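Here are my notes on this one, in the order I'd go through them with you. Have the viewer open beside the text.

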Amino acid sequence: MANNSGASRRAALRQQQEMEERKKRTTRIIGFGLGAVALAVVVVLIVVIVQTLGKKAEVVAGEQQTPPNATAEGGINLVSQGEQPAEDAPHLLIYEDFQCPACAYYTQTYGPIVDQLVDEGKITVEYSMATFLDGGLGNDSSARAAMAGNAADAVGKFREFHNAVYANQPQEGVGYTDQQLRVDFPALAGIEGDDLTTFQNLYDTLAFADFVKKSGDRWYDNKIGSTPTYMVNGKKLVFYDEEKKEVLIEPTADDLLNAIEEANG
């Protein structure tokens, strides 16, 4: 019985050793497999990153352009849809940032009047888009919206796009999505067909990046300080008296035109 018992113990020990060996081999195989999978994942990630960087490099390398209605200083002239302005018509320069809530308010309140006076040939208007809120809000929506605005000017729809952006401005800090700037707002502005293809190509290739930087630098260089700022002949229009809590320029065509003509001298 003792010998049989010893033999049984030796058999059990050999069986246990074989199981341990199989376990070790299995662990090595699994480890090798996981390592291979991890390596494959790393390789795939590297390929994706390289491809992505390559695409971004191609985009940044896109040919830089100037909007058709650009001014030498970096603004966009608002084209009249009616009467052509007289040679001595006063010129209104408006500094804005597409992420500025006050700009949205002024566009909705005074924008239709500005458009009316331009179409009646009584004034000329230039929009100069700042991008300083990108730094303050930690995004790039002001610059991207400005580039989209320039692309809209390239297809003859700056006014419509400009107004559509402000009519749908999100809460400050949320920023604009590419879907909004590439698809939604162009649709609201009436940009479609071949014009939409052109618009999206200009936006996707950052064709106006240099021009947007020039426009943004203008705001800093001229020490404008805030948006919106309406200027005529180097003078700022004051719409509201903070001390008296009084509106100085009512949202009417006559009141705004009188203020512009007075500042023009």
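How many bridges join strand 2 to strand 4, and do they run parallel or antiparallel? Four bridges join the two, and the strands run antiparallel. Keep in mind throughout that this is a predicted model.

1. **Overall make-up.** The protein chain has nine helices and seven strands. Of its 265 residues, 38% count as buried. If you take the contacts in the chain with a separation of 6 or more, 76% of them are between residues 24 or more positions apart.

2. **The sheet.** Five strands make an open sheet in the order 1-3-2-4-5, and the pairing is mixed. Strand 1 (76–77) and strand 5 are at the edges; each has a single partner strand, so one side of each has no neighbour in the sheet. As a reminder, strands of a sheet pair through backbone hydrogen bonds, either parallel or antiparallel.

3. **Strand by strand.** Starting at one edge, strand 1 and strand 3 run antiparallel and are joined by two bridges, with I76 opposite Y127 in strand 3. Strand 3 (residues 124–129) then pairs with strand 2 in the parallel sense, over six bridges. After the antiparallel step from strand 2 to strand 4, strand 4 pairs with strand 5, in the antiparallel sense and over two bridges.

4. **L92 and its partners.** Strand 2 (residues 91–96) is mostly covered, with five of its six residues buried. Look at L92: its bridge partner in strand 3 is V125, and in strand 4 it stands opposite V232. V232 in turn has K235 as its bridge partner in strand 5, so you can follow the pairing across by clicking from residue to residue.

5. **Strand 4.** T229 and M231 point one way from strand 4 (residues 229–232), while Y230 and V232 point the other way. Which of these four are buried or exposed? All are buried.

6. **The cores.** The largest nonpolar core has 54 residues, and those with the most contacts inside it are L92, V114, V125, F161, Y230, L237 and L256. Helix 2 (residues 101–119) gives the largest share of this core, eight residues. Another core, of six residues, lies apart from it; L93, A130, I224 and M231 are among them. As for V125, leaving out residues up to four places away in sequence, its contacts are I76, N77, L78, H91, L92, I94, V114 and V118.

7. **F239.** This residue is in the loop between strand 5 (235–236) and strand 6 (240–241). Why call F239 buried? Because its relative accessibility is 7%, and the cut-off for buried is under 20%. Beyond its neighbours within four places in sequence, F239 is in contact with Y106, Y110, Y230, E246, V247, L248, I249 and L256. Y230 and L256 also appear in the list of residues with the most contacts inside the largest core.

8. **Helix 4 against helix 7.** Helix 4 (residues 141–154) and helix 7 (residues 193–204) pack at an angle of about 145°, and their axes are 9 Å apart. The crossing is right-handed. R144, A148, A151, A152 and A154 on the helix 4 side meet F199, L202 and Y203 on the helix 7 side. The residues of this contact divide into seven nonpolar, no polar and one charged.

9. **Backbone oddities.** Most residues other than glycine have a negative phi, and most peptide bonds are trans. Where does this chain have a cis peptide bond? It joins T227 and P228, with omega about -5°; P228 lies in the loop between helix 8 (209–221) and strand 4. K223 is in the loop between helix 8 and strand 4, and its phi is near 50°, a positive value in a residue other than glycine. At 70% relative accessibility, K223 counts as exposed.

10. **The hairpin turn.** Strand 4 and strand 5 form a hairpin with two residues between them, and N233 in the turn has a positive phi of about 55°. N233 counts as exposed, at 51% relative accessibility; the cut-off for exposed is over 50%.

Key. Residues numbered from 1 in each chain as written. Predicted model: local features only at pLDDT ≥ 70, side-chain atom pairs only at ≥ 80, totals over all residues. Heavy atoms only, no water. Buried < 20%, exposed > 50% of the residue type's maximum accessible area, 1.4 Å probe, protein only. Contact = heavy atoms within 4.5 Å. Core = buried A, V, L, I, M, F, W, Y, C linked by side-chain atoms within 4.5 Å. Axes fitted to C-alpha atoms, helices over the stretch in contact; angles between N-to-C directions. Left-handed = near helix turned anticlockwise from the far one by under 90°. Nonpolar A, V, L, I, M, F, W, Y, C, P; charged D, E, K, R; others polar. Pairing = 2+ DSSP bridges.
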